[in-house]
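Biologist: I should like to understand how the labels given to a structure are justified. Shall we take them one at a time and set each value against its definition?

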Amino acid sequence: MAYTGSLTQSDAWKDLAEHHEKIRNIHMRDWFAEDPNRFHNFHLEAAGLSLDYSKNRVTKDTMSMLLRLAQEQDLSTKIQAMFDGEAINRSENRPALHTALRNFSDRDIFVDGENIMPEVRETVHRMEEFCWKIRRNQWRGYTNRPFTDVVSIGIGGSFLGPKLASSALKPYWDSRLSIHYLANIDGSHITEILKRLDPATTLFIIQSKSFGTQETLKNANACRQWFLDNGGTEDDLSKHFTAVSSNIEKATAFGIDEENIFPMWDWVGGRYSLWSAIGLPLALAIGIDNFRELLRGAHDMDEHFRTAPLDQNMPVIMALLGAWYVNFFGVNSHAILPYDHYLRSLPAYLQQLDMESNGKRVSIDGNVLDYDTGPIIWGGVGTNGQHAFHQLLHQGTHFSPCDFIMPMTSHNPIDNFHAMLVSNCLSQSQALLQGKSEEQAINEILATGKSKAEAIVLAPQKIIPGNRPSNTLYFQKSTPRSIGALIALYEHKVAAQGMIWGVNSFDQWGVELGKQLGDKVLGALESTDKGNDFDGSTNGLIQAFHQMQGLL
């Protein structure tokens, strides 16, 4: 598969730059006034999700040019290459086949000449057996009492994906099990989790492909010692510890029975691993049938992304809109605003998915880029953000495109709460679009009884420019299937954006550097030798640590 040359030299890019100059000062209010069907003309449905992208600073001509940019970058071929298992992660010479984990079709998928689907299906079957034993009390702790708590120990994708889905699907949890996620290498975090638990009724799942990730292994060893210090024995470890890892030797040395070690594969990146056995704590919480529904929702979106024409392809449209703002408006951030308490972990999840994937400065061929790539992803849940950071969205000097996300039906219908929640969501996107003119501000002030002179002085404080873009993603209800589709939508949006920008969305060498330096700095912190060869700042901070720890 050939990759194209510099994006900025393409005909579509040049046409978009010229087009941007023509429309950049036009207010979206005018387009809505001119086109009463704008909502329907800029609206898509796929896999149970609906996307209103009419509140974007685009015309039909804009979208045609953006789609031509995608075509010039051979986006359709690149999408197919991902599904076909080509080694699109060039720097590691690996496929990116997370879609195989939720492949409900009869398509075989091959890696290095071997069909991987039998092993994928066998792993789901093993997960089913495991969940059945735990949820039906067939597998118990060392005192023969049923498990009441599950602690998932991981970091990055082994933590953020399962945590998001667990929060999003809380209404489907088995009330007999509580799921806890331990990631941060912070004594306070592990202390606050363990002090509420009984070792005799706690199951631990260690999530680490190498069984050597520094933070995960440190937390795992601390949990192991806590178990041994509070009644458990070495012989009891296999009843309380399981693992998702490709390093069977290290996991068994830890005390885990080999039959309770679930596989991880090189062709699945950490931030795309929710759909694998990394999702085991989620499957325990919601049950394997609901976990399969999550996979089916993701598969629905996979098939849409794989087969839909680019102009009707929801992930592609969202990717193109994002590139439009980053590359032609100079936007450097994007806000995720879920209006659903259960989706409160979505912004943090998408931070990793997007910023770790497309936070790249060189092309897939290693050339330094002459254009910007991934934006800063941020956000927060529902109406809380309206009383915090929405002020910047409405009147700040920067504009940040927003994704408003909401289920139309609540799991907990109390009075008119949900109607109020939806009204806040819709009114915020409307306010970002409409804004408030000087005339409106003056009339509003005059209505309070102030004089014309006072109104003129105060009006600039109340003027809101509007013309600030947003998408609205909505669906019937937060079900396993709709959440699966939603997560897969963003996976594919990020992948498509990376393909358009010509970057490798499936490696993360910046993360690796921090891991490499971390071990060296840790050694210096644990020793008072003076021979450190770090920069002056790091040396000074190490010395400050020694002093405050009373080591000097």
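Modeller: Let us begin with Pro413, which has a relative accessibility of 67% and counts as exposed.

Biologist: Why is Pro413 called exposed?

Modeller: Buried means under 20% relative accessible area, exposed over 50%, and partly exposed in between (1.4 Å probe, protein chains only). The 67% of Pro413 is over the upper limit, so this residue counts as exposed. This is a predicted model, in which local features need pLDDT of at least 70 and side-chain atom pairs count only at pLDDT 80 or more, while totals for chains, interfaces and linings use all residues. Residues are numbered from 1 along each chain as its sequence is written, and side-chain values use heavy atoms, with hydrogens and water left out.

Biologist: Where is Pro413 found?

Modeller: Pro413 belongs to the loop between strand 12 (402-407) and helix 18 (417-434); helices (H or I, at least four residues) and strands (E, at least two) are DSSP runs, numbered from the N terminus. Between Pro413 and Gly366 there are 53 Å from C-alpha to C-alpha, at a separation of 47 residues in sequence.

Biologist: What makes Asp198 and Arg145 a salt bridge?

Modeller: A salt bridge is a side-chain nitrogen of Lys or Arg within 4 Å of a carboxyl oxygen of Asp or Glu. The closest N and O atoms of Asp198 and Arg145 are 3.1 Å apart, so the pair meets the definition. Asp198 lies in the loop between helix 8 (187-194) and strand 7 (202-207), and Arg145 in the loop between helix 6 and strand 5 (149-153), so the pair ties together parts that are 53 residues apart in sequence. The whole structure holds 27 salt bridges.

Biologist: How do you know whether Asp174 and Arg176, another such pair, are buried or exposed?

Modeller: Asp174 has a relative accessible area of 9%, below the lower limit, so Asp174 is buried. Arg176, at 45%, falls between the two limits and is therefore partly exposed. Their closest N and O atoms are 2.8 Å apart.

Biologist: What makes Asp112 eligible for a surface patch?

Modeller: Patches are made of residues with over 30% relative accessible area and no salt bridge: like charges are joined within 9 Å, nonpolar side chains (Val, Leu, Ile, Met, Phe, Trp, Tyr) within 5 Å. Asp112 has 81%, so its area passes that limit. Asp112 forms a negative patch with Glu114, Glu119, Glu122 and Glu129.

Biologist: Why is this patch called negative?

Modeller: Lys and Arg count as positive and Asp and Glu as negative, with His and the chain ends not counted. The members are Asp and Glu residues, so the patch is negative. Helix 6 (residues 117-135) gives the most to the patch, with three residues, whereas Asp112 lies in the loop between strand 3 (110-111) and strand 4 (114-115).

Biologist: Which helices do the buried residues of helix 5 pack against?

Modeller: These residues, among them Leu75, Ile79 and Phe83, pack against helix 4 (60-72), helix 13 (288-307), helix 14 (314-328) and helix 21 (480-501). Contact here means heavy atoms within 4.5 Å. Gly85, with a positive phi near 85 degrees, follows helix 5.

Conventions:
Accessible areas come from the Shrake-Rupley method with a 1.4 Å probe; for residues, only the protein chains shown count as cover. The place of a charge is taken as NZ of Lys, CZ of Arg, CG of Asp or CD of Glu.
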